[in-house]
Every structure is written in C-alpha cells, then in structure tokens.
Amino acid sequence: MKPLLLLDLDGVLRAYPPTPPDIAAVAFEPGLLHRAVTGEITDAQWQDEIARTIPRERVDAWAAGGEVVPEALHLARLARRQCFVALLSNATTRLEADLAVLGLDGEFDAVFNSSRLGVAKPDPAIYRRVLDELGRTTAVFCDDSEENAVAATAAGLDGVHVPDVRALRVALATRGLVPPTVLLVLPDRDEAEELATELLGEGWAPARVHRDMLAGEDDAEDVDWVVELTTAPDGSPASAHRDELDELAERHDGFAAEH
C-alpha cells in the first residue's frame, strides 16, 4: 500500500495576500469561523455575515483572492508518483468550486473538506475520521499551522509544521516521499567535472558526471553535463537541499532538476 500524504491547502498549496485587519477581525472571529468551516453555515451565509460589517464589494474582492504556489504543487505531484495524496483542509462549502477554479480538482487522490465532515482541525476527530475512511492507521500530514500539526501528531499521524515551500520540501524529502536525487545540469564538461570533484570532497554522493545529449540531436553543442547527487554530507537526501543546489547550479550557468 502506498504511503498516505495529507496536505493542507491554504498556506501550503495556496497563498493569499494578507487579509486587511478589519476584514480579518470579522471573518476570523472564532465563533463565526468555526460555524463556516464545520458546515453549520454555507460559504454564502458566512460572507453575508461578514458583509453586515464590511462593504460587500470589499468582501467579494477579498474572497476572490488566492493563487496556487507552483513549487508546492510540483512537490505534491512528485509525491503522488509514490504516495496516495489527499487534501485535508479547514474550508467552507466553497472549497470544491475553488479547487476547480485553481485547476487543482484533479491533483489529489481524495479531498477532505472540514465543512463536509462537520469537524475541523485541530480537533483530533478529523484526523481519525480521515484515517478511518481511507483504511489507514497513520499518515504524514503537512500544515502551515503548528497547532494543527501538533494535534495531528497527538492523533497518531506524523504531523509536520511547514510554514513555507522549503519546509515542505525538506519534510517530504527526508521521509522518502519525493525522489532523493538532484541533477546539476551544466553546459561545460570541465566545470561539471571540477564541481563534482569539489562536491565529492565535501561529502556529497555519488557526485558522478554524466553526458546528457538532447534527444534526437547529434550536434555536440547540444550536449549538457550532469552532476548526479543523491546524498548530502549530513546523510540527508540531496533533494532536501534543493534551494542550495539551485543556487550552486546557477553560479555555473546551469540549473538543477529532479531525477
């Protein structure tokens, strides 16, 4: 059975601009928000409540915000090659429509919406409910809320606080949920071999150099040179250090890629 990976939406896969303080004070008032994310009221009713205090046009503009974080989506797609990936979000009844608008409706093996379940994070019942429905005993759960991650751990999951994409990448790489190998693709053979020697001396492995010709091309000018890295000096997967390796490749007029 594939490992189970549960991902939060907002703050992990979707980013919002900062909510204006006056809107936040109304929309995120604990009682009202809880009613919205547990399905006691619909998304439309929630926005109507907010619009009692905030002008409707401002509410509409705020509610329409948010965009996909490309790097996080890329990681989710990599993980899905070897994991069952599900979304677990504290959301209103609009979640499914939002996923369609964002182009995310086909990106998960399952979607768990707190407003459909009638219970919201960090209530331990929501984690047990998801595990029961999927026939699992545990899962890796990534959330930008530390409180939610801690609650998931208490409920028997591997809860991970991921406040940004870097933290998400490290969480997935160190748990073997995304490939460990990173390829540094450079245009010059001598630079590639010199860099590989340097990295090998620092403790990166295997630091092998490969000749990579573009498919269907015979011209030597279309050849790149690839430095293969799977393990970092600290023993962690090379993919957990992607930011560092991206910068290193760029300094040599190249780029980094997963393998």
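The following paragraphs lead from the overall features of this predicted model to its parallel sheet. Residues are numbered from 1 along each chain as its sequence is written. Local features need pLDDT of at least 70 and side-chain atom pairs count only at pLDDT 80 or more, whereas totals for chains, interfaces and linings use all residues; side-chain values use heavy atoms, with hydrogens and water left out.

The protein contains 12 helices and 11 strands, defined as DSSP runs numbered from the N terminus (helices H or I, at least four residues; strands E, at least two). Along the principal axes, its C-alpha atoms fill a box of roughly 65 × 40 × 35 Å. Of the 259 residues, 45% are buried, that is, under 20% relative accessible area with a 1.4 Å probe, protein chains only. Of the contacts (heavy atoms within 4.5 Å) between residues at least 6 apart in sequence, 65% join residues at least 24 apart.

An open sheet of 5 strands has parallel pairing and the order β5-β4-β1-β6-β7; strands count as paired if DSSP finds at least two bridges between them. At its edges stand β5 (110-113) and β7 (158-161), each with a single partner strand, so one side of each lacks a neighbour in the sheet. From one strand to the next, the twist averages 20°. Within the sheet, β1 (residues 4-7) pairs with β4 (residues 84-89) in the parallel sense over 4 bridges, and Leu-5 has Val-85 in β4 as its bridge partner.

Helix α6 (residues 95-102) lies across β4 and β5 and runs at about 135° to β5. Such angles run from 0 to 180 degrees between N-to-C directions, with axes fitted to C-alpha atoms, for helices over the stretch in contact.

Note on methods
Buried < 20%, exposed > 50% of the residue type's maximum accessible area, 1.4 Å probe, protein only.
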